[in-house]
Amino acid sequence: MSLKIAVACDHAGFRLKQTLLDFLRNKNIEFMDFGVNSADSVDYPNYARMVCEAINSGEYNRGLLVCGSGIGMSIAANKFPGIRCALVHDNYGAKMSREHNNANVIAFGERVTGSGVAVEAFDIWLHTNFLGDGTSHARRVAILDSLIAKN
């Protein structure tokens, strides 16, 4: 399956998102940029929603979210059924989020993760596969996917 990445950021993640989009362009990986396209203040949950809905529609199979810390975007993304968003700060987290958790969205914080680290971790995340069916990880991901918050 070829990678199709849905991408968005808020105002605090704009510069890092641009760096990561350049990386995707250089690797010829298909993506859709849902914004933002400036450092003007916006509400990050609206942009996380666009990425998660694009993934849940089946049009895209992975997502990238960037904000100041990565925390807000990852919290917003994980509100959506079928989304497993990992806030990543390093290569190990990128690899484990794919191998063990089958993360389909990655979040970065521009204010806390340098662009070089983010690019390298993103590359690892894009090219790491889930360990797969029949493993304890698959059982745990199925449990994660079955959880429904009760209000």
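What separates lysine 95 and glutamate 99 in helix H4? The two residues are four apart in this helix, which means that about one helical turn separates them.

This report describes a predicted model, in which local features need pLDDT of at least 70 and side-chain atom pairs count only at pLDDT 80 or more, whereas totals for chains, interfaces and linings use all residues. Residues are numbered from 1 along each chain as its sequence is written, and side-chain values use heavy atoms, with hydrogens and water left out.

## The sheet

Helices (H or I, at least four residues) and strands (E, at least two) are DSSP runs numbered from the N terminus. Five strands form an open sheet in the order S2-S1-S3-S5-S4, and their pairing is parallel. S2 and S4 are the edge strands, each of them pairing on one side only. On average, neighbouring strands of this sheet are turned by 20 degrees against each other, direction ignored. Strands of a sheet pair through backbone hydrogen bonds, either parallel or antiparallel. Here, two strands are said to pair if DSSP finds at least two bridges between them.

S1 and S2 run parallel and are joined by four bridges; alanine 6 has methionine 32 in S2 as its bridge partner. S4 and S5 also pair in the parallel sense, over three bridges, and alanine 86 stands opposite isoleucine 106 in S5.

Helix H1 packs on this sheet and touches strand S1 (4–9), S2, S3 and S5. The direction of H1 makes about 160 degrees with that of S1; axes are lines fitted to C-alpha atoms, for helices over the stretch in contact, and angles run from 0 to 180 degrees between N-to-C directions. S1 is largely enclosed by the rest of the structure, because five of its six residues are buried. Buried means under 20% relative accessible area, exposed over 50%, and partly exposed in between (1.4 Å probe, protein chains only).

## Salt bridges

A salt bridge is a side-chain nitrogen of Lys or Arg within 4 Å of a carboxyl oxygen of Asp or Glu. The structure holds six of them, including those in the table.

| Pair | Closest N to O |
|---|---|
| Glutamate 110 and arginine 15 | 2.8 Å |
| Aspartate 33 and lysine 17 | 2.9 Å |
| Lysine 95 and glutamate 99 | 3.5 Å |

The pair of glutamate 110 and arginine 15 links distant parts of the chain, 95 residues apart. Glutamate 110 is in the loop between strand S5 (105–109) and H5, and arginine 15 is in helix H1 (residues 14–26). Glutamate 110 is buried at 16% relative accessible area, whereas arginine 15 is exposed at 62%.

Aspartate 33 lies in strand S2 (residues 30–33) and lysine 17 in helix H1, so their salt bridge ties together parts that are 16 residues apart in sequence. Aspartate 33 is partly exposed, with a relative accessibility of 24%, while lysine 17 is buried at 0%. A polar atom of the lysine 17 side chain also lies 2.6 Å from the backbone oxygen of valine 36. If neighbours within four places in sequence are left aside, lysine 17 is in contact (heavy atoms within 4.5 Å) with Val7, Ala8, Cys9, Asp33, Gly35, Val36, Asn37 and Val66.

## Helix H4

The third pair in the table belongs to helix H4. Lysine 95 is partly exposed, with a relative accessible area of 36%, and glutamate 99 is buried, with 15%. In this helix (residues 91–99), the buried residues are Ala94, Met96, Ser97, Arg98 and Glu99. What covers them includes strand S3 (62–67), strand S4 (85–87), helix H5 (115–126) and helix H6 (136–146). At the start of H4, a side-chain oxygen of aspartate 90 comes within 3.4 Å of the backbone nitrogen of tyrosine 92.

## Cysteines

A disulfide is a covalent bond between the sulfur atoms of two cysteines. The criterion applied is a pair of cysteine sulfur atoms within 2.5 Å, and a search of the whole structure finds zero disulfides. Why is cysteine 52 not bonded to cysteine 85? The sulfur of cysteine 52 is 7.0 Å from that of cysteine 85, its closest cysteine sulfur, and this is too far for a bond. Cysteine 85 is likewise in no disulfide. Cysteine 52 is buried at 0% relative accessibility, and cysteine 85 is buried at 10%.

Conventions:
Polar contact = N/O pair within 3.5 Å; in protein donor to acceptor, adjacent residues only side chain to side chain.
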